[in-house]
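Here's a small set of exercises to work through with the viewer open. Try each task before you read its solution.

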Amino acid sequence: MPRLIVQSPEFEGRVFELLKPQVSLGRLPDNDIHIDHGSVSGHHAVLTLDGEDFVLQDLNSTNGTRVNGAKISQHKLTRGDLVQAGNIQLSYESEAVGAAQPLPEVAAGLDIGAAHGSVRPADFKNASPYGRRHQGSAGGAGALVLLSLLLALGSLGYLGYRLFGGG
């Protein structure tokens with residue numbers, strides 16, 4: 001059964017089951033979905049059953065109706081859509097599964113082995129934020145290790161000289 005679930009803090013968790021083929025939404029009590037909030041127009045929108053899901057139509061409301069952030073005048077809802085009436089956000093839930101699109105036809109004799117002989121285009125740019133690794137970078141790390149080892153040995157020699165031989 002399709003339904004709208006309020007996400008906004010003022011009415012969070014309220015669930016409106018869409019039980020009729022046409023459901024009105026607005027601030028006035030004569031609406032099927034009554035949301036008493038100043039940003040919602042008296043007769044804000046109407047939902048009309050179309051197949052297994054509903055079409056949402058704005059009724060020239062003052063603050064507008066949005067679906068997934070886009071202002072709409074009419075929109076067919078699908079499972080997971082976020083509806084905003086004025087400042088009130090609702091999520092649309094439905095058991096309806098959208099029709100799957102068929103896979104494209106595979107051409108006979110498709111050759112997938114040609115990629116091994118391809119070359120990089122001349123205008124290719126590396127998009128990595130780290131740039132290209134250079135071959136000589138490992139040598140710099142080796143020199144740093146060698147320098148650290150020599151400093152450690154020199155320090156030990158100086159310490160031995162001061163303790164035992166240099167007085």
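**Exercise 1. Work out what share of the chain's residues count as buried, and how the accessible surface is made up.**

Solution. Keep in mind that this is a predicted model. Start with the residue count: the chain has 167 residues, and 27% of them count as buried. Next, take the surface. Its accessible area is about 12,200 Å², and carbon and sulfur atoms account for 57% of that. Finally, look at the contacts with a separation of 6 or more: 35% of them link residues 24 or more positions apart.

**Exercise 2. List the secondary structure elements in order from the N terminus.**

Solution. Count them up and you get 11 strands and one helix. Reading from the N terminus, the run is β-β-β-β-β-β-β-β-β-β-β-α, which puts the helix after the strands.

**Exercise 3. Trace the open sheet: which strands form it, in what order, and which are its edges?**

Solution. Step one is the order. Six strands make up the open sheet, arranged 2-1-11-10-7-8 with antiparallel pairing. Step two is the edges: strand 2 (15-17) and strand 8 each pair on one side only. Step three is the twist, which averages 30° from one strand to the next. Now zoom in on one end of that order. Three bridges hold strand 1 and strand 2 together in the antiparallel sense, and Leu 4 has Phe 16 in strand 2 as its bridge partner.

**Exercise 4. Find the pairing partners of strand 3 and give the direction of each pairing.**

Solution. Take strand 5 to begin with: it runs antiparallel to strand 3, and four bridges join the two. One pair to check is Ser 24, which stands opposite Val 46 in strand 5. Then turn to strand 4 (residues 33-34). This pairing is parallel and has two bridges; here Gly 26 stands opposite His 34. As for cover, four of the five residues of strand 3 are buried.

**Exercise 5. Describe the largest nonpolar core: how many residues does it have, and which elements supply them?**

Solution. First, the size: the core holds 22 residues. Those with the most contacts inside it are Leu 4, Ile 33, Ile 35, Leu 47, Leu 56 and Leu 90. Second, the suppliers. Two or more residues each come from strand 1 (3-6), strand 3 (22-26), strand 5 (45-50), strand 6 (53-58), strand 10 (82-85) and strand 11 (88-93). Strand 11 gives the largest share, three residues. Third, pick Ile 33 and list what it touches, leaving out residues up to four places away in sequence: Leu 4, Phe 16, Leu 18, Val 23, Ser 24, Leu 25, Gly 26 and Leu 47.

**Exercise 6. Asn 60 has a positive phi, and so does Asn 68. Where does each residue lie, and is it buried, partly exposed or exposed?**

Solution. Go one at a time. Asn 60 is not a glycine, yet its phi is about 55°. Asn 60 sits in the loop between strand 6 and strand 7 (65-67). With a relative accessible area of 75%, Asn 60 is exposed, since the cut-off for exposed is over 50%. Now Asn 68, whose phi is near 55°. Asn 68 belongs to the loop between strand 7 and strand 8 (70-72). Its relative accessibility is 48%, so Asn 68 counts as partly exposed.

Technical notes. Residues are numbered from 1 along each chain as its sequence is written. This is a predicted model: local features need pLDDT of at least 70, side-chain atom pairs count only at pLDDT 80 or more; totals for chains, interfaces and linings use all residues. Side-chain values use heavy atoms; hydrogens and water are left out. Buried means under 20% relative accessible area, exposed over 50%, partly exposed in between (1.4 Å probe, protein chains only). Contact means heavy atoms within 4.5 Å. Accessible areas come from the Shrake-Rupley method with a 1.4 Å probe; for residues, only the protein chains shown count as cover. A nonpolar core is a set of buried Ala, Val, Leu, Ile, Met, Phe, Trp, Tyr and Cys residues joined through side-chain atoms within 4.5 Å. Two strands pair if DSSP finds at least two bridges between them. Axes are lines fitted to C-alpha atoms, for helices over the stretch in contact, and angles run from 0 to 180 degrees between N-to-C directions.
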